[in-house]
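Hi,

Here is the structure I promised to pass on to you. Have a look at it first, and then read on for what turned up.

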Amino acid sequence: MKGYKITNCAQDKRVGIVGSSMNDIFIKGCQKLKMDSTHVTMLLLDGTIIDDEDYFQTLPAQTLIMFRLDGEPFQTGADLVYNALTAVNKDLLKTSIKVKYFIDENVKEKIRILSSILETDENKHTDLTSFSLRSKDPEWFQDLDTRAKTKEEFMFKRCQDRIRGYMYKTKTDMIKSDIYLKHSKCRQYLNEVYKKFNELLTKNKHHGYYFDRSDSNCLCDKIGTFTCQGAWNLSSCSYERGTGHKINPYQNRESRIIFSTWNLDHWMERSRTVIPALFEASMMASEACRSINMKYFYDLLFTTVNLKLVHIVCHDKGQHDSAKCNPNLYLIDEQVIKTNINESKNGLNRTKKYQESISSK
């Protein structure tokens, strides 16, 4: 049993509840907030949908969960950045309430404006950038529901959350597909691959080190500055004549909030390209009696082989037409489906017992 905090989209109510499962929290939450459970979705504040028990169990105690009625608006990343802008430069927003509407209408332009404000405000916070402990820079941790004692620990966990999100979205896409539901052999191969994904992600700590400046494999420099890697079809960020968008979320609370709008973007798109390729691989594997090349698909889904860290302005949500998977890498030669191996062993054991019984007669 763990305790959680729940709220509605207006966030004018916040209630603490205790439960042991996603369904338990869902039922109790709907009752507490007096919502019709047939039209409610549970979300994290960053918009991540909670519809998977495995993912729910990874959420720490006291996580704030939003209960959203179908079609109801809720606080988005735009609102989050707006609040950060308020904290950075209150005088700017006091000039007119219309600034708020302007920000809501154009997220990318808003981010550009906020970035420039952060740049001009950089000297004010430089002396706190190198501090790691919560006790040394408590303002950086303001409004965070986390037990992390250092900035590095928090950033590590935030990156893990993003990678876990890709994992659970992959699982959802997989188990809802016609191939998974209608083809038992393909389902067997996909289940085996998903199991191995889980094992390798656990071994690699869900690649949380990408955001941890203390790790040698992080995507930032030693002080924590991240540089945009450019749109999916470019080799680098073209902002400011190739200098590139930059941000250091370790610098201050506002920069940390803005960094949450940066994306780990799949160069070969996860839902449009990689997942369909995985389904195709399951068909090929079942016909050829070979195994899916788990490592190939793992790298495309969860590692920087196929992930680019990009500023929101450089995140192209259009179709990445020219980024395709390589069918020659879908399979490997060995056959490792465990259920098949077990069936073969059971068959041999039954044959051996039958022969022994005949001999004894």
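Strand β1 (residues 2–8) is largely enclosed by the rest of the structure, because five of its seven residues are buried. Please keep in mind throughout that this is a predicted model.

β1 has two partners. With strand β2 (residues 14–19), β1 pairs in the antiparallel sense, over six bridges. The two strands make a hairpin with five residues between them, and Q11, in the turn, has a positive phi of about 55 degrees. With strand β4 (residues 64–69), β1 runs parallel, and four bridges join the two. K5 is a handy landmark if you want to find both pairings in the viewer: this residue of β1 stands opposite G16 in β2 and also opposite L64 in β4.

Next, the core. The largest nonpolar core has 78 residues, and F67, F197 and F297 are the ones that touch the most other members. Helix α8 (residues 151–175) supplies the largest share of this core, with nine residues. Both domain 1 (2–69) and domain 2 (151–357) take part, each giving the core at least three residues. As you know, nonpolar side chains tend to be buried together in soluble globular proteins.

Helix α13 (residues 270–288) may also interest you. Its 19 residues reach 25 Å from the first C-alpha to the last, close to the 27 Å expected at 1.5 Å a residue. Many positions along α13 are listed as buried, among them V274, I275, L278, F279 and A281; R270, T273, S282 and S286 are buried as well. Just after α13 comes C289, with a positive phi near 55 degrees.

Finally, the cysteines. How many disulfides are there? The count comes to zero. You may wonder about C228 and C314, so here is the reasoning. The closest cysteine sulfur to that of C228 belongs to C314, 3.7 Å away, which is too far for a bond, as a disulfide needs the two sulfur atoms within 2.5 Å. Likewise, C314 is in no disulfide, and its nearest cysteine sulfur is that of C228. Both side chains sit out of the way: C228 is buried, with a relative accessible area of 5%, and C314 is buried too, at 14%.

Happy to talk any of this through whenever it suits you.

Best wishes

Methods
Residues numbered from 1 in each chain as written. Predicted model: local features only at pLDDT ≥ 70, side-chain atom pairs only at ≥ 80, totals over all residues. Heavy atoms only, no water. Buried < 20%, exposed > 50% of the residue type's maximum accessible area, 1.4 Å probe, protein only. Core = buried A, V, L, I, M, F, W, Y, C linked by side-chain atoms within 4.5 Å. Domains from an automatic or database assignment. Pairing = 2+ DSSP bridges. Expected span 1.5 Å × (residues − 1).
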